[in-house]
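Grab a pencil and work through a few exercises on the model shown below. Each one sets a task and then walks through a solution.

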Amino acid sequence: MNTLFEKFDQISKSPAAQLSAYKAQGKKAIGVLPYYAPEELVYAAGMVPFGMWGSNKKTISRAKEYCATFYCTIAQLAVEMLLDGTMDGLDGVITPTICDTLRPMSQNIRVSMSDKMPVIFLAHPQNRFDLNGLTFTVSQYTNIRKKLEEIAGKPITDDDIRAAIKVYNACHVQQRRFVKLAGEHPDVVTAVRRSAVLKAGWFMLKDEYCAMLKELNDKIEALPACDWPGTKVVVSGIIFDNPILLQIFDDYKIAIVADDVAHESRTFKTDIPDDADPMMALAKQFANRDHDVLLYDPQSSKNRRAEFVAQLVKDSGADGLVLFMQQFCDPEEMEYPYLKKELDAQGIPHIKLGIDQQMRDFGQARTALQAFADVLAVG
Amino acid sequence: MCLRKEYIMAKEVSPGVKALRQVVEDVYAEAREAKKQGKPVGWSSSKFPCELAAAFDLNVCYPENQAAGIAANRDGEIMCQAAEDLAFDNDICGYARISLAYAAGKRAAKKLDPETLEYVINPETEKPYTELVDINEIWAMPEGEEKEKRLAAIKPYRQMQMPMPDFVLCCNNICNCMTKWYENIARMHDIPLVMIDIPYNNTVEVDDTYVAYIRGQFDKAIEQLEKISGKKFDEKKFEDACANANRTAKAWLKVCDYLQYKPAPMSGFDLFNHMADVVTARGRLAAAEAFELLATELEENVKTGKSTLPFPEQYRVMFEGIPCWPKLPALFRPLKKNGVNVTAVVYAPAFGFVYNGMDEMVRAYCKAPNSVCIEQGVDWREGICRDNKVDGVLVHYNRSCKPWSGYMAEMQRRFTADLGIPCAGFDGDQADPRNFNEAQYETRVQGLVEAMEANRLAKE
């Protein structure tokens, strides 16, 4: 089991090496920015989708030529890594535009990468549920499919997509299983390890990842039940992958029993449904995505997302919720007051910690998390 | 050097400007009256297709215009802080924060002494201090003198007296922030939300798939509006509103085009004030007529050499972005000192929705400043820079507006490369005065003036 954890850890820490290894196999790779790009199409084209969620190691420098300071570091660091050559191995990049930062970033990336690689644009619809919305999603995904075919130099058949859908759905099952098992065995699956395992999935072909993850899950499942002496929480936010922050969780025995994190469960909680047309199946998956800070809720007069998160805390047996507020992320910020309201109403303790990927001093976060763990332990 | 004319400062408010002010005043007054009569009143994003609501005779107010007005009335900070106290982060758009605080019942009021119920006067200004109150708490008070005085203490200007919403109309062509902003309002008031989603566009042409998707949403919106209003869709009223909106847009563009004259017959800052009309009333005949009247006045100014600019025009610039409403005098001061007139604003093309028929209308609404690709954005701006003969560009990096400010650095490079004009950027905010630094702004304007001067000398 430790060997597997080490493998995941290695992959999550060195996406550049991972990219080089795939390139050495003669494979092409496509960068995929957040959120909800249909990376199944990349897989179906026989290429490697490569998640681009910023970096905890880089410093924003060249991206300043394009971005003012008040943009989330995930987007700024994506631009940084494209400009500084880190991502030169990519054969293309997909730029979704579902938040206000990603809109102009799609333009900055297209302009700055014009000599380097194709930039594939994606605009998701918000009124995504009825045939009208689904048709628009399909049209957007069809554009992506065509661009990917050009890069791959071969057509992507419907059967290729069907096969990719199977792989991705199977992978979702293992990812969700892992999240559950990690919550049941925090003594073995530490917060640091949990994050590494989930993060590695963004830099691997999903069939390979799924096989490795299944092997790990089987091993964890065979472990004796864990009598956890610490506290249990649900984490929420856009991304939560900083090893130093994660180590604080382990230091204070704060177990992550479930998550509402964009980089983690929000991505794989919704399966791709059955449909004779595989493109429509992908569109329906997007339509079915729900309880999300980025997506329009037609029942907006209700407080469904907050109720969903509160229920997640209850169902997972957590003692409270830790919200990592990504700096300058207005979708998260806009949903916070009503999330807070619901958590307070249900008597669920929570803490909100501001983070970004340029964070280098964790003293405040450490103190806050320690205090929160103490409060939960007493409660 | 630009042509110098004898400037006669037009101090009095012209009939055209008066008419424009009245139109906006009427929009708010009619909404207040409708509310009194128990009719549904909506809140709408500024680039929601107003023609749809007009087809049902629905009264609609515009939170963006409201927030700009509140900010210009110096209450932006207290309302932004009120939203922050409700747990909305201070990174969120200032308009959204002001609007959400207002929707939650927060109001800026003249400070009352709780004992005497007399105003507490600030000795420096000799006016009452401002305090934050909650209208819901006041409404819940028993009838009587205190309740009356507390209601009367709420600032009387129209934006602080806007009726609460019974439905919301959201179109996210401007930004995605709008979606969650309006969802929050719908949640606070438990009211229906009509959502027209216009996805971001990567090409200058609007693809047919966009038109089909948005047209489909119009049909759905009409069904929702029928339920809200209890009326059937009135084709004739819709067509009238479309005709008015086109006429307003054309008259607005005509007014904006007077800035092409050198020297200009008006201050470009005037357009910032007149924007209220294109935002709140473009589907009204009165708005079209008021702009047409203003156009005749500007025509006269051109003939007589008059201008509303209170100083001789030495330089002409494009002002990029939304103005810092709480700091208009501070924005204007260094421009006046250096003889700089704003002769181009992006709002000119941004609100010039001219169309013929429903499909063209859809395409027009796809062309909001923050929903278009960089090539379209540059093309608009360079077009007005050329036509309006600007010497430089002043770029507002607006903390409130991520989609707008997010590609300005690249645009600045293009303006300089394509037009050979200098650009200067400054940090500010459309509504939160805490994000504007006057000293930095003055320095940047000074730098721009020096660069424009050097450019001019080099050309001579």
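**Exercise 1. Find the loop of chain B that holds Pro263(B), and say what is unusual about the bond before this residue.**

Step 1. Look between α10 (235-257) and α11 (269-281) of chain B: Pro263(B) sits in that loop. Helices here are DSSP runs of H or I with at least four residues, strands are runs of E with at least two, and both are numbered from the N terminus.

Step 2. Check the bond between Lys262(B) and Pro263(B): this peptide bond is cis, and its omega is about -5°.

Step 3. Why bother flagging that? Most peptide bonds are trans, and most residues other than glycine have a negative phi.

Before going on, some ground rules: this is a predicted model, where local features need pLDDT of at least 70 and side-chain atom pairs count only at pLDDT 80 or more, while totals for chains, interfaces and linings use all residues. Residues are numbered from 1 along each chain as its sequence is written, chains are lettered from A and ligands numbered from 1 in the order written, and side-chain values use heavy atoms, leaving out hydrogens and water.

**Exercise 2. Describe the backbone in the loop between β1 (29-32) and α3 of chain A.**

Step 1. Start at Tyr35(A), which is in this loop. The peptide bond leading to Tyr35(A) from Pro34(A) is cis, with omega near 0°.

Step 2. Move to Tyr36(A), which lies in the loop between β1 and α3 too. Tyr36(A) isn't a glycine, yet its phi is positive, about 65°.

**Exercise 3. Work out how chain B meets chain A.**

Step 1. Count the contacts (heavy atoms within 4.5 Å): 57 residues of chain B touch 51 residues of chain A.

Step 2. Get the buried area, meaning the accessible area (1.4 Å probe) that the two parts lose on being put together, summed over both. That comes to about 4,400 Å², with carbon and sulfur atoms giving 55%.

Step 3. Tally the salt bridges (a side-chain nitrogen of Lys or Arg within 4 Å of a carboxyl oxygen of Asp or Glu). There are six between the chains. One of the salt bridges pairs Lys352(A) with Asp89(B), whose closest N and O atoms are 4.0 Å apart.

**Exercise 4. Locate the largest cavity and say what lines it.**

Step 1. Know what you're hunting: on a 1 Å grid over the protein atoms alone, a cavity is a set of points where a 1.4 Å probe fits but cannot get out, and lining residues have an atom within 4 Å of a point. Points are joined across faces, edges and corners, and volume is the space filled by probe spheres set on them.

Step 2. Search the whole structure, and 10 cavities of 30 Å³ or more turn up. The largest cavity has about 340 Å³.

Step 3. List its surroundings: 27 residues line the largest cavity, with Ala37(A), Glu39(A), Trp202(A), Thr267(A) and Arg289(A) nearest its centre. The elements giving two or more lining residues are α3 (39-44), α7 (158-184), α11 (265-268) and α12 (278-288) of chain A.

Conventions: 1 Å grid on protein atoms, 1.4 Å probe; cavity = no way out; pocket = protein on both sides within 12 Å on 5 of 7 lines; lining within 4 Å.
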